[in-house]
Amino acid sequence: MWLKANSKELQWFLESASVYWEKNLPKPADDAVIVVEMFHQDIRVNLRNLAFANALRRLHPARMVVLTGVEDAWMATLWSGFNVETVRKVSDAFAGSEVIDVWDKVRASSTPARDDKTIVEYTDATYCRLAKLPRLPQGYQSRPDYKLRHTYATRLHDFYTELFQRDVVALVTSHVDYDQWGLASEAARQAQVPIIHTQQTGCMKAYALFPEKDTRTGTFREELTRQIGDVFETKVWTKRESLRQTAELVAWRAKVNLGRPSWWRGGVTASVDLNNPAERARLRTHVVDRLGFDPDKPIITVYNHAVSDALGTNRELFPSLADWFADTAAYAAEHPEAQWLFLDHPSQALYDSTSFFDSVAEKYKKVKHMAFTPSATLSKNALWSLTDLGVTVRGSVSNELPAYGIPVIQAGWSEWSSCGLSIVVDDQDAYWKTLEQSITAIRAGEELVTEEQVRRARLWLWLYRSGTDVVTPLVPQWEVWPADTLLKTMRATFRHIEADADPMYTAVERMWTRREPMLTRTDFDA
């Protein structure tokens, strides 16, 4: 873990945390353990894992085993620094019993690579992410760096499989993708251990996959998508009238980006000031002219996802995110009855080392009804004004756009894809057919998004930003930063706020005892 904090501030935080958890955790009654992952360099990510684990330890007294460490490729691509000793100090302060440097064990192992399907899938996804590649390159299996990644994945798989033979109460992890996280989740599923997946937003947000609810017919994220859809349908949509006012407030907050998931798009370009169709039409005329488009033809906006991000972790219609984007561009070139705006991801450079977006743009630079532009060069006001139909894979625009009356087609699943917000297609044939039908409908003046979809999308924004965000002093809001401010805030909590009636403890107990797929601020059954 990398932590630029004043040494005294860190020490005061560690001392106050140690006293708090010593007084507020029961002693373990047996050999049971809760496994907690601390691979991330951001202390805010790790603190969420630790806080949830300790809330669970109040229900099921157990020792806490922390997994940590760093490998060279992860350091080179994503981490600017990582200090295992800092992890050990923070773990001790949260009453951890054991810290395992997983990568030390992996490097010390002599196990050769093995062509197990699960191992290969995580090898491929991790290799693309760390090399920032949209697709696996030609001859990749013979490349030394791929072979090393494959060997590491095999050793991680075997280490985790052995670890979860212990009496494990739960795995608490910030991620379920890539080798160091994803293979731990796979081992936990195989051992029928509950998985808690904390989120990097709000205060305390977490999803859960319990073995008795796991159909084992898809990935962790596929299972989660189905279960979230069920909760939304049975416990949120049924309360739509009583939630209408607060959902409208959250929809307004989302317009001005007062929170994630649009974390990568901040400042003036993130706000949306359009209040009615007339304002949208006036701005649309200006933006269309700027792009050289015909104002009388529909505009389809294709939102490129981060092309190397967590490949194959949910249900996808195409072999890769790059294939989807390139194939959609090829389709657009043959369909001049619409105009096509292709946007990169605002953090494209963090996910692509190959100039993939630019290469696709270059191929179609002379096609007049197509335009390629960095998304950050257009404000949300501009994007929302000209988009008649959004197209994406699993990006957050598929829940944002419908909330403001703009239809979206998804060529893959996201966590909200079973909530009825967007047009989710099942296969590639349905994708092309839906695109064609949608263009025809727009040209005929038909509405592609229903009032129900708008309401569902706004309820999803409420659920994501409010209903599943448990406000607790033990986990400061994500934006409480820099590090010294965060540590000082938490130190005040540990020194001055008592544990009784903390909302996080109540929420964790409800989630755990009812085996619910998400942490909720209130009791949805009440």
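This is a guided tour of one predicted model, stop by stop, saying what to select and what is found there.

Residues are numbered from 1 along each chain as its sequence is written. Because the model is predicted, local features need pLDDT of at least 70 and side-chain atom pairs count only at pLDDT 80 or more, while totals for chains, interfaces and linings use all residues, and side-chain values use heavy atoms, with hydrogens and water left out.

**Stop 1: the mixed sheet**

Begin by selecting strands 1 to 6, which form an open sheet in the order 3-2-1-4-5-6, with mixed pairing. Strands (E, at least two residues) and helices (H or I, at least four) are DSSP runs numbered from the N terminus, and two strands pair if DSSP finds at least two bridges between them. Strand 3 (98–101) and strand 6 (206–209) are at the edges with a single partner strand each, so one side of each has no neighbour in the sheet. From one strand to the next, the twist averages 20°.

Next, select strand 5 (residues 195–198) together with strand 6; the two pair in the antiparallel sense over 4 bridges, and within this pairing His197 has Tyr207 of strand 6 as its bridge partner.

Now add helix 2 (residues 43–59), which packs on the sheet and touches strand 1 (33–37), strand 2 (63–68), strand 4, strand 5 and strand 6, a contact being heavy atoms within 4.5 Å. The direction of helix 2 makes about 170° with that of strand 1; axes here are lines fitted to C-alpha atoms, for helices over the stretch in contact, and angles run from 0 to 180 degrees between N-to-C directions. Helix 4 (residues 84–93) can be added as well, since it lies across strand 2 and strand 3 and runs at about 165° to strand 2.

**Stop 2: Thr123**

Select Thr123, which is found in helix 6 (residues 117–131). Is Thr123 buried or exposed? Thr123 is buried, with a relative accessible area of 0%, where buried means under 20%, exposed over 50% and partly exposed in between (1.4 Å probe, protein chains only). Leaving aside residues up to four places away in sequence, Thr123 touches Tyr146, Arg149, His150 and Ala153. For a sense of distance, select Thr234 too: Thr123 and Thr234 are 111 residues apart in sequence and 38 Å apart in space, C-alpha to C-alpha.

**Stop 3: salt bridges**

The structure holds 30 salt bridges, each being a side-chain nitrogen of Lys or Arg within 4 Å of a carboxyl oxygen of Asp or Glu. Select Asp177 and Arg221, whose side chains meet in a salt bridge (2.7 Å, N to O). This pair links distant parts of the chain, with Asp177 in the loop between strand 4 (168–173) and helix 8 (178–190) and Arg221 in helix 9 (residues 220–236), 44 residues apart. Asp177 counts as buried at 5% relative accessibility, whereas Arg221 is partly exposed, at 23%.

Stay with helix 9 and select Glu233, which forms a salt bridge with Arg456, the closest N and O atoms being 3.0 Å apart. Arg456 belongs to helix 17 (residues 451–467) and Glu233 to helix 9, so the pair ties together parts that are 223 residues apart in sequence. Arg456 counts as buried at 7% relative accessibility, and Glu233 as partly exposed at 33%.

For a further pair, select Asp309 and Arg394, which form a salt bridge with the closest N and O atoms 3.9 Å apart. Asp309 is in the loop between strand 7 and helix 12, and Arg394 in the loop between strand 10 and helix 15 (397–403), 85 residues apart; both Asp309 and Arg394 are buried. Finally, select Lys235, Arg514, Glu516, Asp523 and Asp525, which are joined into one network by salt bridges that share partners.

**Stop 4: the parallel sheet**

Select strands 7 to 12, an open sheet in the order 9-8-7-10-11-12, with parallel pairing. Its edge strands are strand 9 (370–373) and strand 12 (423–424), each of which pairs on one side only. Strand 11 (residues 408–410) pairs with strand 12 in the parallel sense over 2 bridges, and Gln410 stands opposite Val424 in strand 12. Helix 12 (residues 321–333) packs on this sheet, touching strand 7 (299–303), strand 8 (339–343), strand 9 and strand 10 (389–392).
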